[in-house]
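Open the model in your viewer and keep the selection panel at hand. The stops below are given in the order in which to select them.

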Amino acid sequence: MFYEIYANLHNWEERNASPAAPLTRAEFDERYTGGGAAVRFAITVDGQVVGNCLLVDEDTLARHASVGISLTMDSAGQGYGSDALRVLVDYAFTRRNLRRVHLSVIASNERAIASYRKVGFVEEGRRREHCWVRGAYVDEVIMGLLRSEWRSSRG
């Protein structure tokens with residue numbers, strides 16, 4: 001299932017900084033399942049895996065990390081991503097003792113941006129015309145969430 005998500009060329013640009021290209025199963029296995037420093041979780045609904053989310057590039061001195069999330073095409077837009085991101089953020093702040101999490105998203109991915117805002121992420125900056133997506137340059141939006149903001153939003 002993870003290979004299906006990562007090899008999907010339809011939304012490649014939303015997930016990768018490299019040009020869209022076919023991804024073989026062997027390349028996927030080498031790139032994404034070789035361990036490394038990422039902490040990965042499967043997203044399940046009624047016992048079915050519908051995506052994954054991860055913490056990556058953790059800075060143990062400054063106490064921050066990047067977050068990422070991917071869903072199957074059929075699962076997008078149903079709230080699963082927001083729910084999974086809430087759980088991941090809780091894990092990052094309470095179990096990993098991070099003080100900040102951040103992500104980047106292309107500006108045209110309005111559904112993802114709305115989901116990130118629901119979880120509490122705020123826009124921190126923008127790289128203008130930074131990404132090449134389906135024949136046009138688009139902005140990359142940088143979003144972040146501080147542990148103090150997260151605590152406040154929880155009441």
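The tour goes from a hairpin to the core, then to charged side chains and cysteines.

This is a predicted model, in which local features need pLDDT of at least 70, side-chain atom pairs count only at pLDDT 80 or more, and totals for chains, interfaces and linings use all residues. Residues are numbered from 1 along each chain as its sequence is written, and side-chain values use heavy atoms, with hydrogens and water left out.

**Stop 1: the hairpin**

Select residues 39-45 and 48-59, which are strands β1 and β2. Helices (H or I, at least four residues) and strands (E, at least two) are DSSP runs, numbered from the N terminus. The two strands run antiparallel and are joined by seven bridges; strands pair if DSSP finds at least two bridges between them. Pick Arg40 to find one bridge: its partner in β2 is Leu54. Two residues lie between the strands of this hairpin, and Asp46 has a positive phi near 50°.

**Stop 2: the core**

Next, select Leu55, Val89, Val101 and Phe121. Among the 27 residues of the largest nonpolar core, these four touch the most other members. Such a core is a set of buried Ala, Val, Leu, Ile, Met, Phe, Trp, Tyr and Cys residues joined through side-chain atoms within 4.5 Å. Buried means under 20% relative accessible area, exposed over 50%, and partly exposed in between (1.4 Å probe, protein chains only). Elements giving two or more residues to the core include β3 (64-71), α4 (80-94) and β4 (100-106). Helix α4 gives the most, with six residues.

**Stop 3: a salt bridge within α4**

Stay on α4 and show Asp83 and Arg86. They form a salt bridge, with the closest N and O atoms 3.1 Å apart. The term covers a side-chain nitrogen of Lys or Arg within 4 Å of a carboxyl oxygen of Asp or Glu. The two residues are about one helical turn apart, because three residues separate their positions in the helix. Arg86 is partly exposed at 37%, and Asp83 is partly exposed at 46%. The whole structure has eight salt bridges.

**Stop 4: β5 and β6**

Select β5 (residues 122-133) and β6 (136-146). Arg127 and Glu140 meet in a salt bridge at 3.1 Å, N to O. Arg127 belongs to β5 and Glu140 to β6, so the pair ties together parts that are 13 residues apart in sequence. Arg127 is partly exposed at 43%, whereas Glu140 is buried at 11%.

Now add Arg117, Glu123, Arg126 and Asp139, which are linked in a network of salt bridges. Within it, Arg117 and Glu123 meet at 3.8 Å, N to O. Also in β5 is Glu129, which is exposed at 55%. The C-alpha atoms of Glu129 and Asp139 are 4.4 Å apart, although ten residues separate the two along the chain.

**Stop 5: Arg147**

Move to helix α6 (residues 147-153) and select Arg147. What is the nearest side chain of opposite charge to this buried residue? It is Glu58, 10 Å away, and Arg147 has no salt bridge. Lys and Arg count as positive and Asp and Glu as negative; His and the chain ends are not counted. The side chain of Arg147 does reach the backbone oxygen of Leu98, at 3.2 Å.

**Stop 6: the cysteines**

Finally, select Cys53 and Cys131. Cys53 is buried at 4%, and Cys131 is buried at 15%. With a disulfide taken as a pair of cysteine sulfur atoms within 2.5 Å, the count is zero.

Definitions and conventions: Polar contact = N/O pair within 3.5 Å; in protein donor to acceptor, adjacent residues only side chain to side chain.
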